[in-house]
Number of protein chains: 4
Amino acid sequence: MKNTMGQSVCVTLFGESHGPEIGAVLDGLAPGIPVDEAYIAEQLRLRRPAGRISTARQEADPFRIVSGVFEGRTTGTPITLLIPNGDTRSGDYARGPARPGHADYTAWVKYHGFEDYRGGGHFSGRITAALVAAGAIARLALSGRGITLGSRIARCAGVADAEWTDPASELPELNRKAFAVLDEERGERMREAIEAAAKEGDSVGGVLETVVLGMPAGVGEPWFDTVESVLAHALFSIPGIKGVEFGDGFALAEKRGSAANDAFRLSDGEVRTRTNHNGGINGGITNGMPIVFRCAVKPTPSIGREQETVNLISGEETSLRIAGRHDPAIVHRARAVVDSVTALVLCDQLALRFGTDALGEEEK
Amino acid sequence: MKNTMGQSVCVTLFGESHGPEIGAVLDGLAPGIPVDEAYIAEQLRLRRPAGRISTARQEADPFRIVSGVFEGRTTGTPITLLIPNGDTRSGDYARGPARPGHADYTAWVKYHGFEDYRGGGHFSGRITAALVAAGAIARLALSGRGITLGSRIARCAGVADAEWTDPASELPELNRKAFAVLDEERGERMREAIEAAAKEGDSVGGVLETVVLGMPAGVGEPWFDTVESVLAHALFSIPGIKGVEFGDGFALAEKRGSAANDAFRLSDGEVRTRTNHNGGINGGITNGMPIVFRCAVKPTPSIGREQETVNLISGEETSLRIAGRHDPAIVHRARAVVDSVTALVLCDQLALRFGTDALGEEEK
Amino acid sequence: MKNTMGQSVCVTLFGESHGPEIGAVLDGLAPGIPVDEAYIAEQLRLRRPAGRISTARQEADPFRIVSGVFEGRTTGTPITLLIPNGDTRSGDYARGPARPGHADYTAWVKYHGFEDYRGGGHFSGRITAALVAAGAIARLALSGRGITLGSRIARCAGVADAEWTDPASELPELNRKAFAVLDEERGERMREAIEAAAKEGDSVGGVLETVVLGMPAGVGEPWFDTVESVLAHALFSIPGIKGVEFGDGFALAEKRGSAANDAFRLSDGEVRTRTNHNGGINGGITNGMPIVFRCAVKPTPSIGREQETVNLISGEETSLRIAGRHDPAIVHRARAVVDSVTALVLCDQLALRFGTDALGEEEK
Amino acid sequence: MKNTMGQSVCVTLFGESHGPEIGAVLDGLAPGIPVDEAYIAEQLRLRRPAGRISTARQEADPFRIVSGVFEGRTTGTPITLLIPNGDTRSGDYARGPARPGHADYTAWVKYHGFEDYRGGGHFSGRITAALVAAGAIARLALSGRGITLGSRIARCAGVADAEWTDPASELPELNRKAFAVLDEERGERMREAIEAAAKEGDSVGGVLETVVLGMPAGVGEPWFDTVESVLAHALFSIPGIKGVEFGDGFALAEKRGSAANDAFRLSDGEVRTRTNHNGGINGGITNGMPIVFRCAVKPTPSIGREQETVNLISGEETSLRIAGRHDPAIVHRARAVVDSVTALVLCDQLALRFGTDALGEEEK
């Protein structure tokens, strides 16, 4: 299984940066889920370059749903989303030297030079648009069951956002922001730092923190398909993500057990934990607390500075200065992708646990 | 698919902490690979409690191979490893209140109380012995192709190990150590810190760093089954692991692109990178450089201190002080497990990429 | 995994009979395989209704490849094929009573009435066009390795075709025929029998026999993923197929072992069998002889005669006479679908066995 | 995935004919299902050679459950069944010439001679004992939900059994018979025909017919994972099965649509069909009627007559007369295996459709 993820709810991704269309097939979602196309468009807009810190394309990507939705609701059969690649300028991207930090060289080895190299081809971040469109439908399915989620830019270019006060009340507003921070003043400092890097032909990275509210306890498997495993699997397929941690994550490694364990207590008859150092997951299985994780997003590899590299066709060392438009940061855009794959994974987990009708309507 | 991992080379894990036997089925490994039982025993020994900082069981676990090995070599059909649970004292572990940080509560929700709760049952770290035995065979398969790997305790209880000088020359010795550090003096400080925590009825965590040498370039998939995805999936199923990062990982989020990209160069006609900030993986695919990743291991949740919790049967709040033997740290033991699942994943990746004969012998 | 088939080479199918487009994503095929669009069109034409014994649509379906092919060759990344549904008349197909022999009722139960019921929706034979397009590329991949295949109408409406004389020399011509019989005179009698049934508002079934030449020995697994298992799995997903048999199949049940075993002999130093009662497969694994199997195709369930049924919305018994165009036989059209899924399965088996480059080019 | 079958409820099979133990891991079954070891023993007895028409081993195989069952019920974690190979005489089975009709040659090609060839090794029908033990637990799970099944020898050695009168009332007695026929007189004629073949050093085949009662409607998928697909996949992995047909199967190919369609009617408010030519499945999905299918079982390939073959080691043509005990028919023994894999597949289908708790108990 290659460009397909999931067991009961599956997504298959296809397309290249400069091909005619990219898209996704979202299969296995329960029948009867209302599909709000405006919401999908909104999610696509959040993934798009944002204002002065990004490249020029600005409108939400147009998309078509060509299967699996009938009279405004999911049918239960595969949903296919297509997004045309309108604004491509292949002339910018003839096969050049391998771009450091990109997949140019590894694609060359794996595909023996037959890959569509233009604009990164199938490896391009462009493809995440299709993932976001599919993920938007998954989020709609989850919200119908009271499960909500969102991500904030916890760190960017060395600037930290403020901490959560109350995710349940902060998520709605956060999820509408193009640059997802809790504290706007810190967000402004992040954007300034991004611009400063851009002026030097350089780029910056960041950390996204995701919170999921409302997941029932008892989902996940003890071995191999722990909730951490299936989430990390999906998250690490997002271009640029190089680290994933749950709960206190790497900070747990520095703590003592007495400070890392989450004491159990009762809350309205339900078992809850006093703290959430383990990010809502014990033994690989959800415990009913918020699922919390963070993703490290590396700085955009496309930079304007000269870099040493190799010309793959001639097999000679050379240098490269990447011209044209490129994002000085992708962390704010990766947020929509992280939200999407999270939603897709959770739909799959819920369908595996509670059956294929779990997220849908039983009565038309 | 629950307790099975892999696509071409698969491992299925079974057993409970206090059942008669635990074990693993390792399927899909190529025929003709020599199976060195002494090496398996050695790996099991490295997973066992080590000296003064661990619980009392000391000998390597006895194991039996009941299928898939004939005349000392793999046959290509499923290899079944069985390890008896000799030293169990079920009396110690009657169903008590849910232990914080453990899977007691989540197992209760998922399995409706039918789970074998004794000693953590199927969630017990005990089960990793079977994983280590299977992983030992996978490592033998890899080493027959010149692929070696090993992990060191990069941090434990706030103490950092020294950095690698030359992994290729350091791995052989490191891989024989029960407490895997490069710098013995720092290792001694780690052990002292572990003992200090133990005296206070507490436990500590740590960070493991793994290096894989010799992996060919071009292995992995662009989406969903990136090498990072499949490794993280496997690693996050190891009890206690709460974070995984590749290359510079979370530190990459703080760097600029010019410091994060790995410039390409030629080395004896081969494309290599000058640095390895990306941990040997670009676009989800191996680039021929060492694969490097780190795992955050949380402090052992079994501690001697009193903790607040809930009695699952009565549904009442209570407190708990865990008696009996427990490890004040598992990071040094988790290392054998990390090495094992890494080897299992890489065997699977190589078989998917190069076919089911990739790691075996074609001529008897 | 629902509308996706395969492990290393996978196909995902989507679309509904009366939606805007149907299609398939073919993933995992090796890079460098020449993609001949005229050949795809030819296969689509063979699946189309043929002359007087079928419904009116006649041209090959137009199709677009929107990903995975670059400069005329496969890239190794997902190939997406889209086929518009030009000639749909939804007015013909408002939700009526459940058609006997169709999936109307089972879809209603499974999808709770949210399914796109028009023209059979996602269950329609129409969807096989996408499967045929994907299968055509798989056949091109196989033929590049000397593996050829084809199917004949062994029986239809009670008339038997002549037997094979020499499949290797008969396949090329057979594969160009719209009505695939070895003996044209018998084919004419079949068509007459189909017409006779059509005049009575009825339909007929048939048996397809498939031969695969050139498959190497040693492909398949002893348990669960035997070659028979994976082929039958795929074949039984073709609408209307209700039986699959390999080699002498059900006739073997009537034979004695001495007449059923295929004696081994040497041929130019290669082990071959004198007879091929086992259809090229022993113990689930190819033995280097032709793979031979037959599929039973039931008579088209859409018939012009009055049938008893139930109105699903009102929950009342009623009767139904299906108006509009329908095929009095689909066996001749199912042949292109059988060939396609066979090719897809074999590509997957070869990639699993010999690696992802098995069917492609290593040098551009 | 090789020796593992299933998606939510999975079985992994291991062992060789002459190894120390064979076994199976049954994973994903819901918690709380009572495990009746006497019932498992009974099923193993039905798979054993029966009296005068079979080889000498007679007792039910002893077995051990080493995981996944606690206090007499399933825990929800992997159930491991081990069966020792007590009565092996490896001396009988040194590597001889490839036995026609067996997997000796294909195993040699696939495993390069490293396979455990003794007694057929991993390909031996012996391994089905583990499958039967696992299947017995699956049948217990189904019967707790009112789903029952059984198979009869519809044909053997040219003799047909009588037809079903009322499967619901006939199944209980049939399922206790060692030689599963409805009509004992015809069963006696079958046994005589088997003995006659045996006296001539030959063997016979037969046809098994399986009926499943009580399956709910709406289970299965439209494409690729149709109920026919997943059942056939499993059935074709049983050694000796060369044909599978559902409902009227190949006979449907000879019928007209008006005689093949099953008219819908109402029965106590439920939609049912008047006839069951489609075997309880429309469009790949269960329709609530009995599931009916037949399997062609080829004659045992081990025969006492001289056969032409090849010596794989020397690469020379030779002849072979198989000495020692062998069954002149396996159709009566294959019945327990067919029942078992059917039960395993249906448990998986129900868990996928209705969730992992579908077959278990929610309250301890």
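In chain B of this predicted model, strand 11 (residues 241-246) and strand 16 run antiparallel and are joined by 5 bridges. One residue pair shows how the two strands line up: Phe246(B) stands opposite Phe293(B) of strand 16. Strand 16 of chain B also pairs with strand 10 (residues 206-213) of chain B, again in the antiparallel sense, over 7 bridges. Here Val212(B) is the residue opposite Ile291(B) of strand 16. In general, the strands of a sheet are held as pairs by hydrogen bonds of the backbone, and the pairing may be parallel or antiparallel.

Is strand 16 of chain B, residues 291-297, buried or exposed? Of its 7 residues, 7 are buried, so the strand is largely enclosed by the rest of the structure. The cover extends to both faces of strand 16 of chain B. On one side Ile291(B), Phe293(B), Cys295(B) and Val297(B) are buried, and on the other side Val292(B), Arg294(B) and Ala296(B) are buried as well. Burial is counted here from neighbours: a residue is buried if 20 or more other C-beta atoms lie within 10 Å of its own.

Strand 11 appears again where chains C and D meet. Strand 11 of chain C and strand 11 of chain D, residues 241-246 in each, pair in the antiparallel sense over 3 bridges. The bridge partner of Val244(C) in this pairing is Val244(D). The contact as a whole takes 85 residues from chain C and 86 residues from chain D. On the side of chain C that touches chain D, 36 residues are nonpolar, 31 are polar and 18 are charged.

How are chains C and D related? A turn of 180° with a shift of 0.0 Å along the axis lays chain C on chain D with an RMSD of 0.0 Å. That is the relation of a two-fold axis. Of the interface residues of chain C, 100% are also interface residues in chain D, so the copies meet through the same surface.

Chains B and C make another contact, with 10 residues from chain B and 10 residues from chain C. The side of chain B that touches chain C has 4 nonpolar residues, 5 polar residues and 1 charged residue. Chain B can be laid on chain C by a turn of 180° and a shift of 0.0 Å along the axis, with an RMSD of 0.0 Å. Gly355(B) is the residue of chain B that comes closest to this rotation axis, with its C-alpha at 1.9 Å. Because 100% of the interface residues of chain B are also interface residues in chain C, these copies too meet through the same surface.

Within chain C, two helices can be followed. The axes of helix 1 (residues 37-47) and helix 8 (residues 331-354) of chain C come within 7 Å and cross at roughly 145°. Gln43(C), Leu46(C) and Arg47(C) of helix 1 meet Arg333(C), Ala336(C) and Val337(C) of helix 8. This contact has 3 nonpolar, 1 polar and 2 charged residues.

Chain A offers an open sheet of 5 strands, in the order 1-2-3-7-4, with antiparallel pairing. Strand 1 (4-5) and strand 4 (64-67) of chain A stand at the edges with a single partner strand each, so one side of each has no neighbour in the sheet. Strand 3 (residues 21-27) and strand 7 (residues 79-84) of chain A pair over 6 bridges, and Gly23(A) stands opposite Leu82(A) of strand 7. Helix 3 (residues 128-143) of chain A lies across strand 2 (10-14), strand 3 and strand 7, at about 30° to strand 3.

Definitions and conventions
Residues are numbered from 1 along each chain as its sequence is written. Chains are lettered from A and ligands numbered from 1 in the order in which they are written. This is a predicted model: local features need pLDDT of at least 70, side-chain atom pairs count only at pLDDT 80 or more; totals for chains, interfaces and linings use all residues. Two residues are in contact if their C-beta atoms, placed from the backbone, lie within 7 Å. Ala, Val, Leu, Ile, Met, Phe, Trp, Tyr, Cys and Pro count as nonpolar, Asp, Glu, Lys and Arg as charged, and the others, Gly among them, as polar. A residue is buried if 20 or more other C-beta atoms lie within 10 Å of its own, exposed if 12 or fewer, and partly exposed in between; C-beta atoms are placed from the backbone. Helices (H or I, at least four residues) and strands (E, at least two) are DSSP runs, numbered from the N terminus. Two strands pair if DSSP finds at least two bridges between them. Copies are superposed by least squares on the C-alpha atoms of residues with pLDDT of at least 70 in both. Axes are lines fitted to C-alpha atoms, for helices over the stretch in contact, and angles run from 0 to 180 degrees between N-to-C directions.
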